[in-house]
Amino acid sequence: MKLIIAVIKPFKLEEVREALTTIGVQGLMVSEVKGYGRQSGHTEIYRGAEYVVNFVPKIKLEMVVSDAIAPQAVETLSTTAKTGKIGDGKIFVLDVEQAMRVRTGETGEEAL
């Protein structure tokens, strides 16, 4: 099993969710986060005053998928979330040692 963590632009969330559902991803956790990468924020003008926005709003997706579907999930994430502009996000893939469904006690991939 793999834990896939993706940080994407907020307006891409629904499109990404639909694409992941289409390939068989059954569960997804979504968090609103703020952060910065290479762009280190940006400047904005509000009521004539210029100020620096150090943390850019993003969406963090977390999903645990079987090893078989992980490459396809990463590919789907990268193609669907891509705008071609700076700040498109990042995808991280980590190994998951164990998973358990609390209600039934199922473990491993059956818990997904």
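This passage walks through the fold of one protein chain, from its overall outline to a few individual residues.

The model is a predicted one, in which local features need pLDDT of at least 70 and side-chain atom pairs count only at pLDDT 80 or more, while totals for chains, interfaces and linings use all residues. Residues are numbered from 1 along each chain as its sequence is written, and side-chain values use heavy atoms, with hydrogens and water left out.

A good place to start is the list of parts. The protein chain has two helices and six strands; here helices (H or I, at least four residues) and strands (E, at least two) are DSSP runs, numbered from the N terminus. Their order along the sequence is β-α-β-β-β-β-α-β. The C-alpha trace spans about 60 × 25 × 20 Å along its principal axes. Its radius of gyration is 17 Å, whereas a compact globule of 112 residues would have one near 13 Å; the value is taken over C-alpha atoms, and the globule rule is 2.2 Å times the number of residues to the power 0.38. About 7,600 Å² of the protein chain is exposed, with carbon and sulfur atoms supplying 53% of that area (Shrake-Rupley method with a 1.4 Å probe; for residues, only the protein chains shown count as cover). Of the 112 residues, 32% are buried, where buried means under 20% relative accessible area, exposed over 50%, and partly exposed in between (1.4 Å probe, protein chains only). Contacts, meaning heavy atoms within 4.5 Å, often link distant parts of the sequence: among those between residues at least 6 apart, 72% join residues at least 24 apart.

The sheet comes next. Four strands make up an open, antiparallel sheet, in the order β2-β5-β1-β6; two strands pair if DSSP finds at least two bridges between them. Strands β2 (29-35) and β6 (90-95) stand at the edges with a single partner strand each, so one side of each has no neighbour in the sheet. From one strand to the next, the twist averages 20°, with axes taken as lines fitted to C-alpha atoms, for helices over the stretch in contact, and angles running from 0 to 180 degrees between N-to-C directions.

The pairings can be followed across the sheet. Seven antiparallel bridges connect β2 and β5, and Met29 has Glu62 in β5 as its bridge partner. Strands β1 and β5 are likewise antiparallel, over seven bridges, with Ile8 partnered by Ile59 in β5. On the other side of β1 (residues 2-8), six bridges join this strand to β6, again in the antiparallel sense; there Ile4 is matched with Val93. Strand β5 is mostly covered, with seven of its 10 residues buried.

Both helices pack on this sheet. Helix α1 (residues 13-23) lies across β1, β2 and β5 (56-65), at about 10° to β5. Helix α2 lies across β1, β5 and β6, at about 5° to β1. A nonpolar core is a set of buried Ala, Val, Leu, Ile, Met, Phe, Trp, Tyr and Cys residues joined through side-chain atoms within 4.5 Å. The largest such core has 16 residues, of which Leu20, Leu61, Met63 and Leu77 touch the most other members. Two or more residues of this core come from each of β1, α1, β5 and α2.

Individual residues fill in the picture. Setting aside neighbours within four places in sequence, Met63 is in contact with Lys2, Leu3, Ile4, Leu20, Val25, Gly27, Leu28 and Leu77. Val25 itself lies in the loop between α1 and β2 and is buried, with a relative accessible area of 9%. Not counting residues up to four places away in sequence, Val25 touches Leu20, Met63, Val65, Ile69 and Ala73. Val25 and Ser66 are 41 residues apart along the chain, and 9.3 Å separates their C-alpha atoms.

Thr80 belongs to helix α2 (residues 70-81). This threonine is also buried, at 11% relative accessible area. Apart from neighbours within four places in sequence, Thr80 is in contact with Lys12, Glu15, Val16 and Ala19.

Arg38 offers a contrast, as an exposed residue with 83% relative accessibility. Arg38 sits in the loop between β2 and β3 (42-46). Between Arg38 and Glu18, which are 20 residues apart in sequence, the C-alpha to C-alpha distance is 29 Å.
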